[in-house]
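Have the model open while you read this one. The notes below go through side chains and their contacts, topic by topic.

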Amino acid sequence: TSKVAPSHSKQVAGGVYASLPHDISISVEGYYKSMRDILEYGGEAAMFPPIDDWETTFLQGKGRSYGLELSFIYNGTIFTGEAYYTLSKTERFFEDICENWYPDRNDNRHKINIQGAWKIGERIDLSAAWVCHSGNRWTMPTHVAILPGGRIEEMYSSPYNAQMPAVHRLDLGFNYRKQTKRGFESIWNVSIYNVYCRMNPIMAYAKMGVYDVTTDTMTPYHGVAMGLLPIIPSFSYTLKF
C-alpha cells in the first residue's frame, strides 16, 4: 500500500557437488540472503491488531541470513541413507526496537538431519529419522528496576536474547506391502514419533524473582521452557489403485 512497502529479498548461493564410488554423493553449499522492508507488529498491536487502522501498526526493518550446509548421501539398492548439517545465522534490525542487530526468533544456529531406509525383501521396509536443531530464541528480562512501593519494572538488553533448549527426536517407521487379488498395492504402516519421548520446548517464559522488602534483595529470574508432544505411535493402511 502507500503506507506499507512490499518486502524484498536477495539471495546468492553456491556449492560444490561430487559423486563418489559406491553410490555416495557429497555436497557443500553456502548462501547469503538480505531482506528489507520486513514487518513486525509494534506494541499492543502484536496481540490485538486493529482492523480499521492496521497500516499504522507495523514497524519496518531489515534482515540477513547466511550459512553453510554439508550433505552426505548413500543411495544403495537395499539401504539408503542421508545426513545433513547446517550452520546458519539469521538476524534482524528494527531501528524502533533495538539500536543493534539482534537474533531472529528462528535463529537455529545448528541443524542436523539423519535419515535412512532399509528394504527387507519385496514386502517389508524400515525407516528411521533423527533430527536436531538449536532451540528457538525468546526474550528474557536482563535487568529489573525496583521502584518505590516495591513495584518491579523489567528491562531487556535486546529482543530474543535467550535461547530455549535444543530440539531433537527420533522417528521410526515400518511398512508391509502386499498386492491384492485385484492387482492393487496395499501398505500397512506402523510409525512411532519421538521414540525416546523428548519433551521438546515449544515456548518459554520468565519466572519472576521474589523481592524481599525487609532485606531489599531479590531472587534471580529464571527461564522455564514448556513442551507439548510426547511419544506418539500411529497406524495407517493405504490402498493404491
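What follows is a short tour of salt bridges, aromatic pairs, a surface patch, cysteines and two loop residues.

## Ground rules

This is a predicted model, so read everything here as computed from predicted coordinates.

## Salt bridges

The count of salt bridges comes to eight. Start with Glu91 and Arg64, whose closest N and O atoms are 2.7 Å apart. This pair links distant parts of the chain: Glu91 is in strand β4 and Arg64 in strand β3, with their positions 27 residues apart in sequence. Glu91 is buried, at 10% relative accessibility, while Arg64 is partly exposed at 24%. Lys89 joins in as well, since Arg64, Lys89 and Glu91 are linked in a network of salt bridges.

Next, have a look at Asp125 and Arg177, another salt bridge, with the closest N and O atoms 2.9 Å apart. Asp125 belongs to strand β7 (residues 124-133) and Arg177 to strand β12 (residues 167-179), so this bridge ties together parts that are 52 residues apart in sequence. On the acid side, Asp125 has a relative accessibility of 15% and counts as buried. On the base side, Arg177 comes out at 26%, which makes it partly exposed. Then there is Asp37, which pairs with Arg36 at 3.3 Å between the closest N and O atoms. Arg36 is partly exposed, with a relative accessible area of 46%.

## Aromatic pairs

How many aromatic pairs are there? The count comes to six. One of them is Phe93 with Trp101, a tilted pair with 5.7 Å from centre to centre and 40 degrees between the planes. Trp101 is partly exposed, at 29% relative accessible area.

Another pair is Trp188 with Phe235: the ring centres are 5.8 Å apart and the planes sit at 35 degrees, so this one is tilted. Trp188 is in strand β13 (residues 185-193) and Phe235 in strand β18 (residues 232-240), so the pair links distant parts of the chain, 47 residues apart. Phe235 is exposed, with a relative accessible area of 55%, whereas Trp188 is partly exposed at 40%. Add Tyr237 and you have one aromatic cluster, made of Trp188, Phe235 and Tyr237.

## A nonpolar surface patch

Which residues make the nonpolar surface patch of about 720 Å²? They are Leu20, Ile26, Phe72, Tyr74, Ile78, Phe79, Trp118 and Ile120. To find the patch by strand, go to β3 (58-75) and β6 (110-120), each of which supplies at least two of its residues. Ile78 is in a loop, the one between β3 and β4 (79-93).

## Cysteines

Now for the cysteines. A disulfide is a covalent bond between the sulfur atoms of two cysteines. A search of the whole structure turns up zero disulfides. Why is Cys132 not bonded to Cys197? The Cys197 sulfur is the closest cysteine sulfur to that of Cys132, but the two are 17 Å apart, too far for a bond; a disulfide would need them within 2.5 Å.

Is Cys132 buried or exposed? Cys132 counts as buried, because its relative accessibility is 17% and the cut-off for buried is under 20%. Cys98 is buried too, with a value of 10%.

## Two loop residues

Ser158 is found in the loop between β10 (152-155) and β11 (162-163). Despite the loop setting, Ser158 counts as buried, at 18% relative accessibility. Setting aside residues up to four places away in sequence, Ser158 touches Cys98, Tyr102 and Thr139. That brings back Cys98, the buried cysteine at 10% relative accessibility.

Leu229 is also a loop residue, placed between β17 (222-227) and β18. Leu229 is partly exposed, with a relative accessible area of 43%. Which residues does Leu229 contact, leaving aside its neighbours within four places in sequence? They are Tyr193, Asn194, Arg198 and Met199. For a sense of distance across the model, take the C-alpha atoms of Leu229 and Asn100: they are separated by 36 Å, with the two residues 129 apart along the chain.

Definitions and conventions
Residues are numbered from 1 along each chain as its sequence is written. This is a predicted model: local features need pLDDT of at least 70, side-chain atom pairs count only at pLDDT 80 or more; totals for chains, interfaces and linings use all residues. Side-chain values use heavy atoms; hydrogens and water are left out. Buried means under 20% relative accessible area, exposed over 50%, partly exposed in between (1.4 Å probe, protein chains only). Patches are made of residues with over 30% relative accessible area and no salt bridge: like charges are joined within 9 Å, nonpolar side chains (Val, Leu, Ile, Met, Phe, Trp, Tyr) within 5 Å. Accessible areas come from the Shrake-Rupley method with a 1.4 Å probe; for residues, only the protein chains shown count as cover. A salt bridge is a side-chain nitrogen of Lys or Arg within 4 Å of a carboxyl oxygen of Asp or Glu. Helices (H or I, at least four residues) and strands (E, at least two) are DSSP runs, numbered from the N terminus. Contact means heavy atoms within 4.5 Å. Rings of Phe, Tyr and Trp (its six-membered ring) pair if their centres lie within 6.5 Å; planes under 30 degrees apart count as stacked, over 60 as edge-to-face and the rest as tilted.
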